[in-house]
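Reader: I would like a close look at one part of this model, the charged side-chain pairs and the surface around them. Please take your time and connect the details into a single account.

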Amino acid sequence: MSLKRRPAIEVSRDPACGVTPVDGVYGTLTPALGQVAFYYDLPELGAGEDGEMTVESIQRRLVFDARMSPATFRAIARWMMDQVEDYDRQEHGRNPRTSSPVE
C-alpha cells in the first residue's frame, strides 16, 4: 500500500494583485454559490450654512468581488473566526466562546 503525498504548494503574488483598504463587506451563501464583495466608502463633503463641513452623500465602491463554492465560503468563514478567537485570546486573555464579556 502506497501513501499518497500531498503536493507542494508555492505561494506567489499575481502581478494584478494589489492592496486596498476596505471599510466592509457584503456577502451571501446559497446552496449553489458563496460570494463576498469588499468595499470602501468615499464621502462626498460639503459645507453647511454655518460653514461647518457636512457629509452630503457616500459613494460605496466595490473593490473586490469573490465568487466561490459554498464549501470554500464555509472554510474561509471558519478560518476567519479562528483568527478572531486567537486575537481575542491575545488581546483580552479570555476565550470568547466560554467567557462572559468584560465590563
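**Salt bridges and a nonpolar patch**

Author: Asp-65 has a relative accessibility of 37% and therefore counts as partly exposed, a value that, like everything below, is computed from a predicted model. The partner of Asp-65 is Arg-67, and in the salt bridge between them the closest N and O atoms are 3.0 Å apart. Arg-67 itself is exposed, its relative accessible area being 53%, which places Arg-67 in that class because the cut-off for exposed is over 50%.

The pair is one of three salt bridges that the rule yields, where the rule asks for a side-chain nitrogen of Lys or Arg within 4 Å of a carboxyl oxygen of Asp or Glu. Another joins the side chains of Asp-41 and Arg-60, with an N to O distance of 2.6 Å. Asp-41 belongs to strand β2, which covers residues 34–47, whereas Arg-60 belongs to strand β3, so this contact ties together parts that lie 19 residues apart in sequence. Asp-41 is partly exposed, with 24% relative accessible area, and Arg-60 is likewise partly exposed, at 40% relative accessibility; for Asp-41, the relevant boundary is the one for buried residues, which is under 20%.

A further salt bridge is found in helix α1, residues 70–92, where Arg-89 and Asp-86 are three residues apart and hence separated by about one helical turn. Their side chains meet at 2.4 Å, again taken from N to O. With a relative accessibility of 36%, Arg-89 counts as partly exposed, and Asp-86, at 31%, counts as partly exposed too.

Strand β3, which supplies Arg-60 to the bridge with Asp-41, also takes part in a surface feature of another kind. Leu-45, Met-53, Val-55 and Ile-58 make up a nonpolar surface patch of about 430 Å², and strand β3, spanning residues 53–68, contributes the largest share of that patch, namely three residues. Met-53 is located in strand β3, and with a relative accessible area of 58% Met-53 is classed as exposed. That value also satisfies the patch criterion, because residues of a patch need over 30% relative accessible area and must have no salt bridge.

Taken together, strand β3 carries a charged residue that bridges to strand β2 and provides the largest share of the nonpolar patch, while the pair in helix α1 is set about one helical turn apart.

Note on methods
Residues are numbered from 1 along each chain as its sequence is written. This is a predicted model: local features need pLDDT of at least 70, side-chain atom pairs count only at pLDDT 80 or more; totals for chains, interfaces and linings use all residues. Side-chain values use heavy atoms; hydrogens and water are left out. Patches are made of residues with over 30% relative accessible area and no salt bridge: like charges are joined within 9 Å, nonpolar side chains (Val, Leu, Ile, Met, Phe, Trp, Tyr) within 5 Å. Accessible areas come from the Shrake-Rupley method with a 1.4 Å probe; for residues, only the protein chains shown count as cover. Helices (H or I, at least four residues) and strands (E, at least two) are DSSP runs, numbered from the N terminus. Buried means under 20% relative accessible area, exposed over 50%, partly exposed in between (1.4 Å probe, protein chains only).
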